[in-house]
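Me: Please take one part of this model and look at it closely. Start from a single residue and work outwards. Keep it brisk.

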Amino acid sequence: MNSAHPSARSCSATSVLLAAALFSISSCQSANRLEFGKGLDVPYVQTPPRVVTAMLKLAHVGANDVVVDLGCGDGRIVIAAAKEFGARGVGYDVDPQRIVEARSNAARENVTARARFVQLSLFDAKISEATVVTVFLLPSVLDRLRPQLLSDLATGTRIVSHSFP
């Protein structure tokens with residue numbers, strides 16, 4: 001076990017836990033906005049609050065964790081990690097409108113000291129500090145991201161993927 005990641009007690013010492021869980025949102029599709037923007041690899045689809053909480057619980061997020069959300073949208077996962085679990089978090093999104101929205105949401109929830117948002121492609125994100133990575137990405141994007149996850153993340157980092165509809 002990597003001593004830098006004490007919350008990863010149940011993770012194998014020799015491998016990164018990939019795709020810890022997949023959740024279906026078919027029952028929530030009508031409540032989600034689906035937006036493709038110019039230059040975006042994936043559409044923007046909001047993760048339902050109950051799924052956000054389930055993802056963070058599944059990853060056993062705690063106060064010592066750093067949650068990195070790749071394609072953070074409005075910031076809800078990073079904000080929930082900070083507010084509900086006491087973790088620090090970083091959200092990455094290429095869309096400047098989403099970053100403005102995420103920062104505003106973090107300020108409204110009084111978690112700006114524990115949650116930050118960076119306008120940057122998820123392929124350029126600085127993920128090495130993560131103890132938990134969350135994603136809601138198309139399978140083709142996950143395939144492109146896999147080498148970065150394997151090379152940049154420490155042993156024991158937990159990755160939770162929410163399935164794409």
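Reply:
**A loop threonine and its surroundings**

T157 sits in the loop that links α4 (139-152) to β5 (158-161). Helices (H or I, at least four residues) and strands (E, at least two) are DSSP runs, numbered from the N terminus. This is a predicted model, so local features need pLDDT of at least 70 and side-chain atom pairs count only at pLDDT 80 or more, while totals for chains, interfaces and linings use all residues. Residues are numbered from 1 along each chain as its sequence is written, and side-chain values use heavy atoms, with hydrogens and water left out.

Is T157 buried or exposed? T157 is buried, at 0% relative accessibility. Buried means under 20% relative accessible area, exposed means over 50%, and partly exposed lies in between (1.4 Å probe, protein chains only).

What does the side chain of T157 reach? One partner is the backbone oxygen of A130, at 3.4 Å. A polar atom of the T157 side chain also lies 2.8 Å from the backbone oxygen of A154. Both pairs are listed as polar contacts, meaning N or O atoms within 3.5 Å; within protein, one must be able to donate a hydrogen and the other to accept it, and residues adjacent in sequence count only if both atoms are side-chain atoms.

Now step out to the cores. A nonpolar core is a set of buried Ala, Val, Leu, Ile, Met, Phe, Trp, Tyr and Cys residues joined through side-chain atoms within 4.5 Å. The largest one has 18 residues, and L70, V133 and L149 touch the most other members. At least two residues of this core come from each of β1, β2, β4 and α4. L149 touches L70, I127, V133 and I159, leaving aside residues up to four places away in sequence. Contact here means heavy atoms within 4.5 Å. A separate core of 14 residues includes V51, M55, F85 and V160. In soluble globular proteins, nonpolar side chains tend to be buried together.

Strand β1 (residues 66-70) feeds the larger core. Five of the five residues of β1 are buried. V66, V68 and L70 point one way, V67 and D69 the other. Which strands pair with β1? β1 and β2 (residues 88-93) run parallel and share five bridges. In that pairing, V67 faces G89. β4 (residues 132-135) is also parallel to β1, through four bridges. There L70 stands opposite V135. Two strands pair if DSSP finds at least two bridges between them.

Helix α2 (residues 76-85) joins the picture: β1, α2 and β2 form a right-handed β-α-β unit. Right-handed means that, with the strands pointing away from the viewer, the path from the first strand over the helix to the second runs clockwise.

Next, the charged pairs. The structure holds six salt bridges. Each is a side-chain nitrogen of Lys or Arg within 4 Å of a carboxyl oxygen of Asp or Glu. D74 and R76 make one, with closest N and O atoms 2.7 Å apart. D74 is buried at 6% relative accessible area, whereas R76 is partly exposed at 24%.

R98 and E101 make another, at 3.0 Å. Both lie in helix α3 (residues 96-108), three residues apart, about one turn of the helix. R98 is buried at 3%, and E101 is partly exposed at 23%.

R108 and E109 meet at 3.8 Å, N to O. R108 is exposed at 56%, while E109 is partly exposed at 24%. Through shared partners, salt bridges join K83, R108 and E109 into one network.

Last, two backbone points. Most residues other than glycine have a negative phi, and most peptide bonds are trans. H60 is not a glycine, yet its phi is positive, about 55°. H60 lies in the loop between α1 (49-58) and β1, and is exposed at 57% relative accessibility. N110 also has a positive phi, near 60°. Its place is the loop between α3 and β3 (115-119). N110 is exposed at 69%.
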